[in-house]
Amino acid sequence: MKLKIGIVGYNLVGKRHYMELRRSDKFEVCGVFDKENRDDACRAPFFDEFKKFIEVAQPQAVVLCLPQHEIVEAFCQCAKYCQNILISRPIFKSVSELKEIKYASVVNKVRVCTGVDERFNPTIVSLKKALLKEEEIYSISIAHFRPLCEGNIINELSLCDIDLAKNLVDSEICSFFYTQANKTNTKICDNVGINIKMKNQILVSITDSFCGSLERFKIEVNAKEGVYFGDLIDYKLHRVNENGQMNLKTDPINNEIKAQYDAFYDLCQSGESSELSSIDDAIKIKELF
């Protein structure tokens with residue numbers, strides 16, 4: 001049976017989630033709450049009053065697709081009425097905001113996860129399967145470039161890239177160093193270089209940038225059986241060793257958001273999920289900065 005899910009916030013992110021949820025075999029969009037935005041293409045009922053949204057739509061789960069400065073207040077309101085909440089992106093101003101959300105989730109017995117959908121990227125899913133067969137992983141390199149993007153680069157890219165690396169090697173961080181540069185923006189940094197040593201002795205290097213002209217999101221993993229090269233935008237993965245290059249299969253049809261909602265559905269049903277990013281995961285990474 002499908003679960004009724006409500007969307008809070010109908011910006012570009014909210015529209016992207018709606019387009020995926022409307023095709024879902026696990027969720028039914030019962031309502032959209034947004035005080036300003038509307039879309040005639042959306043077939044779900046719209047609400048501009050939160051009380052009516054809760055009373056009429058009666059969502060069993062909620063996805064928050066709001067700007068960073070609205071997330072905490074919206075979460076605390078939703079937590080009073082709904083036990084399953086997905087925060088579309090883990091973008092928060094401070095650790096204290098994350099701890100406030102954690103406190104509200106504990107008090108109201110809410111299952112909450114943060115939307116690090118990079119964990120469900122088809123390239124990453126295939127890479128994780130391949131790495132399970134490896135005896136040793138030595139290092140990981142991530143290059144994530146998003147030209148002309150605005151905002152805080154650490155919030156927009158780095159936090160999720162660190163989560164991706166941790167999830168990929170299933171280890172905690174024991175050493176962390178980062179540096180920032182201002183190449184095109186005098187007010188906030190637009191380039192970040194990060195070096196990490198994991199407790200299992202795997203080294204991670206991350207380069208994030210808002211500069212340049214080419215969008216790029218690639219990962220390279222040096223392991224005992226060869227070097228893996230993954231493209232998270234074009235969903236491509238191959239391994240190179242002394243025997244040559246081997247292309248590895250990915251499943252682009254099962255995109256990040258769809259796979260994330262499959263895991264969220266399991267969380268709603270069972271109360272547990274090892275695949276989704278938790279508030280504790282987000283706190284640990286945010287505290288690094």
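Here are some exercises with worked solutions on a predicted model.

**Exercise 1. Find the strand order of the six-stranded open sheet, and say which strands stand at its edges.**

Step 1. Begin with the order: the strands run β3-β2-β1-β4-β5-β6, and their pairing is parallel.

Step 2. Now look at the two ends of that list. β3 (46–47) and β6 each have a single partner strand, so one side of each is left without a neighbour in the sheet.

Step 3. Check one end in detail. Strand β2 (residues 27–33) is joined to β3 by two bridges, and the two run parallel. F33 has F47 in β3 as its bridge partner.

Step 4. Try a pair further along the order. β4 and β5 are held by three bridges in the parallel sense, and V63 has L86 in β5 as its bridge partner.

**Exercise 2. Work out which way the residues of β5 point, and whether they are buried or exposed.**

Step 1. Recall the general pattern: in a regular strand, side chains alternate between the two faces of the sheet.

Step 2. Compare with the model. N84 and L86 point one way from β5, while I85 and I87 point the other way.

Step 3. Finish with accessibility: all of these residues are buried.

**Exercise 3. Describe what packs around helices α2 and α3.**

Step 1. Take α2 to begin with. This helix lies across β1, β2 and β3, and runs at about 155° to β2.

Step 2. Move on to helix α3 (residues 68–78), whose buried residues are I71, V72, A74, F75 and C78.

Step 3. Why might such residues share a side? An α-helix has 3.6 residues a turn, so residues three or four places apart point the same way.

Step 4. Ask what covers them. The cover includes β1 (3–8), α2 (50–57), β4 (61–64), β5, α4 and β6.

Step 5. Add the record. UniProt, in an unreviewed entry, places the feature "domain: Gfo/Idh/MocA-like oxidoreductase N-terminal" at residues 3–112. That span is 38% helix and 23% strand, and its end C-alpha atoms lie 16 Å apart.

**Exercise 4. Lay out the eight-stranded open sheet and the helices that pack on it.**

Step 1. Write down the order, β8-β9-β10-β7-β11-β12-β13-β14, and note that the pairing is mixed.

Step 2. Mark the edges. β8 (173–181) and β14 (244–248) each pair on one side only. From one strand to the next, the twist averages 15°.

Step 3. Zoom in on one pair. Strands β11 (residues 216–223) and β12 (residues 226–231) run antiparallel and are joined by six bridges. Here I219 stands opposite G230 in β12.

Step 4. Place the helices. Helix α5 (residues 122–131) packs on the sheet and touches β7 (137–145), β11, β12, β13 (236–241) and β14. The direction of α5 makes about 165° with that of β12. Helix α6 (residues 153–169) also packs on the sheet, touching β7, β8, β9 (191–198), β10 (203–209) and β11. The direction of α6 makes about 25° with that of β9.

**Exercise 5. Classify the crossing of α1 and α7, and list the residues that make the contact.**

Step 1. Start from the geometry: the axes of helix α1 (residues 12–21) and α7 come within 10 Å and cross at roughly 70°.

Step 2. Apply the cut-off. Angles from 65 to 115 degrees count as roughly perpendicular, so α1 is roughly perpendicular to α7.

Step 3. Name the residues. α1 supplies R16, H17, E20 and L21, and α7 supplies I257, K258, Q260 and Y261.

Step 4. Sort them by character: three are nonpolar, two polar and three charged.

**Exercise 6. Decide how enclosed helix α8 is.**

Step 1. Identify the buried residues of α8: I279, D281, A282, I283, I285 and K286.

Step 2. Draw the conclusion. Six of the eight residues of α8 (residues 279–286) are buried, so the helix is largely enclosed by the rest of the structure.

Step 3. Find the neighbours. The buried residues pack against β5 (84–87), α4 (95–107), β6 (111–114) and α6.

**Exercise 7. Locate N254 and describe its surroundings.**

Step 1. Find the place of N254, which is in the loop between β14 and α7 (256–270).

Step 2. Judge its exposure. The relative accessibility of N254 is 28%, so N254 counts as partly exposed.

Step 3. List the contacts. Leaving aside residues up to four places away in sequence, N254 touches F120, P122, A259 and D262.

Technical notes
Residues numbered from 1 in each chain as written. Predicted model: local features only at pLDDT ≥ 70, side-chain atom pairs only at ≥ 80, totals over all residues. Heavy atoms only, no water. Pairing = 2+ DSSP bridges. Helix = DSSP H or I, 4+ residues; strand = E, 2+ residues; numbered from the N terminus. Axes fitted to C-alpha atoms, helices over the stretch in contact; angles between N-to-C directions. Contact = heavy atoms within 4.5 Å. Buried < 20%, exposed > 50% of the residue type's maximum accessible area, 1.4 Å probe, protein only. UniProt positions renumbered as here; feature names shortened; annotations may be inferred. Parallel < 35°, antiparallel > 145°, perpendicular 65-115°, else oblique. Nonpolar A, V, L, I, M, F, W, Y, C, P; charged D, E, K, R; others polar.
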